[in-house]
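Grab a coffee and work through these exercises with the structure open next to you. Each one sets a task and then walks through a solution.

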Amino acid sequence: MTIFLIIIAILIIWVIISFNRLVTLRNQVKNAFTQIDIQLKRRHDLIPNLVESVKGAMKFEQETLTKVMEARAKAINAFQSGNIKEGFQNENIITQALGRLFALRESYPELKSNQQVSQLMEELTATENKISFARQFYNDITTKYNTAIEVFPTNIIAKMMNFTPFDLFELPKDSQEREVPKVNLSI
Amino acid sequence: MNIYEQQKKNKRLTIIILIVFILFFLAIGLGFDYFYLNSFLMASYDPYSGSPQPKFVPIGTVASLIISLIFVLIAFTNGIKMLISSTGARMPDPNNLKERQLLNVVEEMALAAGIPRPITYIVPDNDLNAFATGFSPEKSYIFVTQGLIDNLTREELQAVIGHEISHIRFYDIRLMTVITVLINAIGIISDFMSRSMRRGYSGYRSSSSRRNNASGIIFLIWIIFVILAPIISRILAMAISRQREYLADAGSAELTRNPKALISALEKIRMAIQPTKSMKDSVAHLCITDPRGSLIEERTDFFSNLFATHPPMEKRILALKLMAYEYEKNKQT
């Protein structure tokens with residue numbers, strides 16, 4: 001009888017611990033996603049400033065600048081109407097276009113020496129990095145969570161309590177995601 | 001060896017050394033109780049004859065641990081304030097481009113590690129160094145020298161901050177605190193022993209009547225342990241510290257996915273010969289490099305390595321090059 005009670009007690013403790021672990025992981029996943037969202041919004045705020053201050057100097061990049069502004073508008077619209085997938089597609093376009101602008105900055109000496117542009121560039125570089133690091137962490141923690149709800153025996157609890165897997169961020173094949181933020185802005 | 005294998009290996013070695021450390025402490029402490037204090041309390045009574053039954057209670061072991069714990073806690077409560085005032089550290093100025101960059105890089109690495117952003121300070125020292133502290137990732141601190149900000153590129157700075165953030169996220173501060181408590185506890189016992197030995201008293205001799213030869217040999221081994229205790233505990237602590245450095249290097253590479261940046265940062269730090277005057281030896285195990293100067297880290301012979309907080313630069317760079325090689329290879333395929 002005592003042994004039976006002990007086994008029941010151990011089982012209950014195990015269920016509580018596993019459940020709490022899953023909840024903690026799920027909250028971490030949600031928080032990681034919020035972080036990405038915060039950084040994307042920050043980038044949306046910074047882009048008009050950047051475009052405004054380099055527009056005069058970067059005469060041959062008007063097309064890229066327009067592309068960035070268009071993609072920004074589309075992304076904001078898509079997120080507002082709840083179309084997450086389209087939103088992230090446009091975010092990827094922004095990332096690529098900004099990477100091009102960063103690289104080209106070297107060939108515009110008046111931009112290189114401009115203090116205000118330097119600060120804006122630093123902010124945007126940081127935001128670009130934050131976006132990709134936040135995604136990296138999101139993917140790591142989501143993989144951990146998805147694994148936790150799939151492996152035996154935690155999967156029993158996950159099924160009973162309705163823990164569903166989250167999607168990972170997949171980067172387009174031709175993306176240079178990891179290269180883009182690596183632009184060296186130190187003078 | 002890739003980043004994850006390296007991390008697994010370092011974590012495993014930490015646990016093994018920590019177990020050895022705890023066993024060593026128990027050997028010293030319980031030996032002290034058994035041979036010296038004769039910690040047999042008349043705790044329980046035999047219900048039939050009513051005579052007291054001796055029961056072993058390790059008073060000395062427990063007492064030394066508690067005293068040591070209190071000392072360390074007292075040192076901790078004012079630790080950060082003392083550190084800020086003794087190093088002359090200041091907050092970075094967000095309007096200065098380089099310092100803004102530092103703040104951004106710290107936030108980037110905190111995001112990559114999934115921990116709240118550590119509070120950042122700049123230490124006015126021209127040497128290249130950085131260190132991290134704080135009892136939990138929820139509230140932690142990173143100190144960076146002026147020389148580091150001035151001499152590293154953005155990527156290199158990111159790699160160094162990644163190293164420090166890894167010390168925080170792997171709970172190295174807690175680990176080293178536990179080790180400090182153990183070292184102090186061992187110190188208390190061996191100090192007590194050496195003092196009373198000088199007075200010419202031995203608890204063993206006074207109660208030798210109830211011991212045989214086998215316990216005499218154990219006693220002898222124990223005495224040798226006690227004499228060597230300060231050296232052995234330091235060697236063990238430094239062995240753990242070096243494993244944590246490799247682990248933090250691998251952790252930085254994991255966060256930045258750019259082991260090459262840490263290699264070039266370490267090369268630059270290596271070139272800065274002078275010691276970091278503003279950083280004390282007591283925080284050496286949480287720095288990116290030993291604050292006593294790079295000459296210490298260039299020695300690769302066995303004995304100087306035994307007492308070093310950091311592995312030789314050459315070995316750290318080699319380990320990172322292996323990671324970089326694996327990383328590039330995987331990216332191409």
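**Exercise 1: where the chains meet**

In this predicted model, 13 residues of chain B are in contact with 19 residues of chain A. Work out which helices of chain B supply at least two residues each to that side, and how its residues split by class.

*Solution.*
- Step 1: go through the helices of chain B. Helix H4 (97–113) and helix H6 (154–169) each put at least two residues into the side that touches chain A.
- Step 2: look for the main contributor. H4(B) gives the largest share, eight residues.
- Step 3: sort by class. The side of chain B that touches chain A comes out as three nonpolar, four polar and six charged residues.

**Exercise 2: a helix pair across the interface**

Decide how H5(A) and H4(B) are oriented: roughly parallel or roughly antiparallel?

*Solution.*
- Step 1: get the geometry. The two helices pack at about 10°, and their axes are 8 Å apart.
- Step 2: apply the cut-off. Angles under 35 degrees count as roughly parallel, so H5(A) is roughly parallel to H4(B).
- Step 3: see who meets whom. On the H5(A) side you'll find, among them, A:Glu122, A:Lys130, A:Phe133 and A:Phe137; the H4(B) side includes B:Leu97, B:Arg100, B:Glu107 and B:Leu111.
- Step 4: count classes. The contact of H5(A) with H4(B) has seven nonpolar, six polar and five charged residues.

**Exercise 3: a helix pair inside chain A**

Now do likewise for H1 (residues 2–54) and H5 (residues 115–150) of chain A, and add the handedness.

*Solution.*
- Step 1: the pair packs at an angle of about 160°, with axes 8 Å apart.
- Step 2: anything over 145 degrees counts as roughly antiparallel, so that is what H1(A) is relative to H5(A).
- Step 3: the crossing of H1(A) and H5(A) is left-handed.
- Step 4: the residues in the contact of H1(A) with H5(A) are 21 nonpolar, eight polar and seven charged.

**Exercise 4: the overall form of chain A**

Explain why chain A counts as more spread out than a compact globule.

*Solution.*
- Step 1: list the elements. Chain A has six helices and zero strands, running α-α-α-α-α-α from the N terminus.
- Step 2: compare radii. The radius of gyration is 23 Å, while the globule rule gives 16 Å for 187 residues; the chain's value is well over that, so chain A is more spread out than a compact globule.
- Step 3: check the box. Along the principal axes, the C-alpha atoms of chain A fill roughly 85 × 35 × 25 Å.
- Step 4: add burial. Of the 187 residues of chain A, 25% count as buried.

Definitions and conventions: Residues are numbered from 1 along each chain as its sequence is written. Chains are lettered from A and ligands numbered from 1 in the order in which they are written. This is a predicted model: local features need pLDDT of at least 70, side-chain atom pairs count only at pLDDT 80 or more; totals for chains, interfaces and linings use all residues. Axes are lines fitted to C-alpha atoms, for helices over the stretch in contact, and angles run from 0 to 180 degrees between N-to-C directions. Helices (H or I, at least four residues) and strands (E, at least two) are DSSP runs, numbered from the N terminus. Angles under 35 degrees count as roughly parallel, over 145 as roughly antiparallel, 65 to 115 as roughly perpendicular and the rest as oblique. A crossing is left-handed if the near helix is turned anticlockwise from the far one by less than a right angle, and right-handed if clockwise. Ala, Val, Leu, Ile, Met, Phe, Trp, Tyr, Cys and Pro count as nonpolar, Asp, Glu, Lys and Arg as charged, and the others, Gly among them, as polar. The radius of gyration is taken over C-alpha atoms; the globule rule is 2.2 Å times the number of residues to the power 0.38. A residue is buried if 20 or more other C-beta atoms lie within 10 Å of its own, exposed if 12 or fewer, and partly exposed in between; C-beta atoms are placed from the backbone. Two residues are in contact if their C-beta atoms, placed from the backbone, lie within 7 Å.
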